[in-house]
Amino acid sequence: MPRLIILTKDRSTRQVYISGRMTTIGRHHNNSLVVDRDRVSRQHAVIDWNGQQFAIADVGSRNGTYVNGLRVTQRPLRNGDTITIGDCNLRFLNDVSTPEEKALRLITIPGVLVDLEPAALAA
């Protein structure tokens, strides 16, 4: 099931599952995912499922939406993408289907989101 791992600058971490066609993200309480942080707009971004893939779109936020460090207005999401909204990092995780993706280990460390290859896990 698709989900987001949310990591804030104050080191709080939580996981939320994405359900439905559209997930709105923002500071206002009417969003699907409320991120109550100063640099997050009331209506900041939306994650949309078109039946084949997920995509994120910025909805005119003041501070922008970033995927893997690049500012985006709209972009398809891939398993493991890091979304930055305000001072929060959200790791997008989706059910994996290829052997390469199954081998990917996604680990959340307080303050950092990192990918570890299987060889690094054995060390």
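## Salt bridges

Arg 78 is exposed, with a relative accessible area of 53%, whereas Asp 81, at 2%, is buried. These classes rest on relative accessible area, with buried meaning under 20%, exposed over 50% and partly exposed in between (1.4 Å probe, protein chains only). The model is predicted: local features need pLDDT of at least 70, side-chain atom pairs count only at pLDDT 80 or more, and totals for chains, interfaces and linings use all residues. Residues are numbered from 1 along each chain as its sequence is written, and side-chain values use heavy atoms, with hydrogens and water left out.

The structure contains 3 salt bridges, a salt bridge being a side-chain nitrogen of Lys or Arg within 4 Å of a carboxyl oxygen of Asp or Glu. One of them joins the side chains of Arg 78 and Asp 81, with an N to O distance of 3.7 Å. Another pairs Arg 21 with Asp 48, where the closest N and O atoms are 3.1 Å apart. This pair connects distant parts of the chain, since Arg 21 belongs to the loop between S2 and S3 and Asp 48 to strand S5, 27 residues apart. A salt bridge is also formed by Arg 37 and Asp 87, whose closest N and O atoms are 2.9 Å apart. Arg 37 lies in the loop between strand S4 (33-34) and S5, and Asp 87 in the loop between S10 and strand S11 (88-93), so the pair ties together parts that are 50 residues apart in sequence. Arg 37 counts as partly exposed, at 21% relative accessibility.

## The six-stranded sheet

Strands (E, at least two residues) and helices (H or I, at least four) are DSSP runs, numbered from the N terminus. Two strands pair if DSSP finds at least two bridges between them. An open sheet of 6 strands follows the order S2-S1-S11-S10-S7-S8, with antiparallel pairing. Strand S2 (13-17) and strand S8 (70-72) stand at its edges, each with a single partner strand, so one side of each is left without a neighbour in the sheet. From one strand to the next, the twist averages 30°; the underlying axes are lines fitted to C-alpha atoms, for helices over the stretch in contact, and angles run from 0 to 180 degrees between N-to-C directions.

Within this order, strand S7 (residues 65-67) and strand S10 (residues 82-85) run antiparallel and are joined by 3 bridges. Tyr 66 stands opposite Thr 84 in S10.

## Pairing around strand S5

Strand S3 (residues 22-26) pairs with strand S5 (residues 45-49) in the antiparallel sense over 4 bridges. Thr 23 has Ile 47 in S5 as its bridge partner.

S5 is also joined to strand S6 (residues 54-58) by 5 bridges, again antiparallel, and Ala 45 stands opposite Asp 58 in S6. The hairpin of S5 and S6 has 4 residues between the strands, and in it Gly 51 takes a positive phi near 100°.

## Aromatic pairs

A search of the whole structure yields 2 aromatic pairs. In the pair of Trp 49 and Phe 54, the ring centres are 4.6 Å apart and the planes stand at 40°, so the pair is tilted. Rings of Phe, Tyr and Trp (its six-membered ring) pair if their centres lie within 6.5 Å; planes under 30 degrees apart count as stacked, over 60 as edge-to-face and the rest as tilted.

Ring pairs link Trp 49, Phe 54 and Phe 92 into a cluster. Trp 49 is partly exposed at 29% relative accessibility, while Phe 54, at 7%, is buried.
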